[in-house]
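Hi,

Here is the structure I promised to send over. Have a look at it first, and then read on for what turned up.

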Amino acid sequence: MSFCFLPRLCRLLPLLLLLLPGLALAQTTPPPIPQGRFLKQTVLVGEPLDYELRYEHAPDLEVVFPDSLARFAPFEYAGKTFYPTRTRRGISLDRAVYHLRTFRLDSVQALALPVAVLQGPDTLSVLPLPSRVRLRRTAAPQSAAASLPALRQNLVLVPVEPIFNYPYWLAGGLAGLLLLAGGAALFRRRLVQRYAAYKRRKNHGYFLAQFARHVERFELSRSATNVERAVVLWKNYLAGLENSGLNSFTTREIVAYFENDSDVRKALNATDKVIYGNVQTEEAAEVDRAFQRLRGFAERRYASVVG
């Protein structure tokens, strides 16, 4: 004789006892097993090989196929092809083909890629049966008893042609360029000054030679054209020496620029008479003195700039 202190619970107890086996059975039912297979039975070393993975499951089951980070040993992963899920008659089919290569020399090689099944907070990895592929050899295996060819000893040195050492030469050239760049940066100011002095010296020599040629031609022809050329040469030289626009100045502006220097004023007045006043034979001696004053003034200005 039994007593039930909770009448309502006593009425539900037989129903719970009937449902417990079904619940236990549903919780312990394992997920289906995927199918994996190679699409050919033999393979050469390095030859492409396809591995097909199929999984049929309930439509409400969430599954994840392996990606490129999965373990494919002894094969090497080369790519994959996924196919969309197909559901027919209450069964969903997921399918993927993995493109592999092998460089191992084992006669038989196997692979089984797992499928991850998501069940709430848990993840279950389901493995298919291993699929095997046979390695097809292109060379006949050598028996251990096969005799090896006899080795012949040759100790004669073979001359080797020397090879141009590009890395060392490039490194040396780069080091030389760096030294030149460092020296240029360190002595840049001094080098610039020396080059400027050399250029001024060359220009001064060229000016004296050309000026003497114009004076000589004037002495032979007494032509106003030679006077004008000598004055233009003098203006251009002083413009470069003074770094100014002196060659575009008028006579009055040039005299004012050089602070009313007597040699400049007298020389330019004399040459202007010949150039613009067409005075030639009467003022020949004065023009000669004007040439001397212009050359002497140019030499003094050069000495002041150089010193």
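Helix H2 covers residues 166-186, and its length works out nicely: at 1.5 Å a residue, those 21 residues should span 30 Å, and the C-alpha atoms at the two ends are indeed 30 Å apart. Do keep in mind that this is a predicted model.

Where does H2 sit? The number of buried residues among its 21 is 0, so H2 lies largely in the open. A residue counts as buried when its relative accessible area is under 20%. The N-terminal end of H2 has a cap: a side-chain oxygen of Asn165 lies 3.4 Å from the backbone nitrogen of Tyr168.

Now for the sheet. It is an open one with 3 strands in the order S4-S8-S9, and the pairing is antiparallel. Strands S4 (62-64) and S9 (122-126) are the edges, each pairing on one side only. On average, neighbouring strands in this sheet are turned by 30° against each other, ignoring direction.

Going pair by pair, S4 meets S8 (residues 115-119) through 3 antiparallel bridges. Within that pairing, Glu62 stands opposite Leu118, and Val64 stands opposite Ala116.

On the other side, S8 and S9 run antiparallel and are joined by 5 bridges. One of the partnerships there is Gln119 with Asp122 of S9. The two strands make a hairpin with 2 residues between them, and Gly120 in that turn has a positive phi of about 65°.

Cheers

Technical notes:
Residues are numbered from 1 along each chain as its sequence is written. This is a predicted model: local features need pLDDT of at least 70, side-chain atom pairs count only at pLDDT 80 or more; totals for chains, interfaces and linings use all residues. Side-chain values use heavy atoms; hydrogens and water are left out. Helices (H or I, at least four residues) and strands (E, at least two) are DSSP runs, numbered from the N terminus. The expected span of a helix is 1.5 Å times one less than its number of residues. Buried means under 20% relative accessible area, exposed over 50%, partly exposed in between (1.4 Å probe, protein chains only). A polar contact is a pair of N or O atoms within 3.5 Å; within protein, one must be able to donate a hydrogen and the other to accept it, and residues adjacent in sequence count only if both atoms are side-chain atoms. Two strands pair if DSSP finds at least two bridges between them. Axes are lines fitted to C-alpha atoms, for helices over the stretch in contact, and angles run from 0 to 180 degrees between N-to-C directions.
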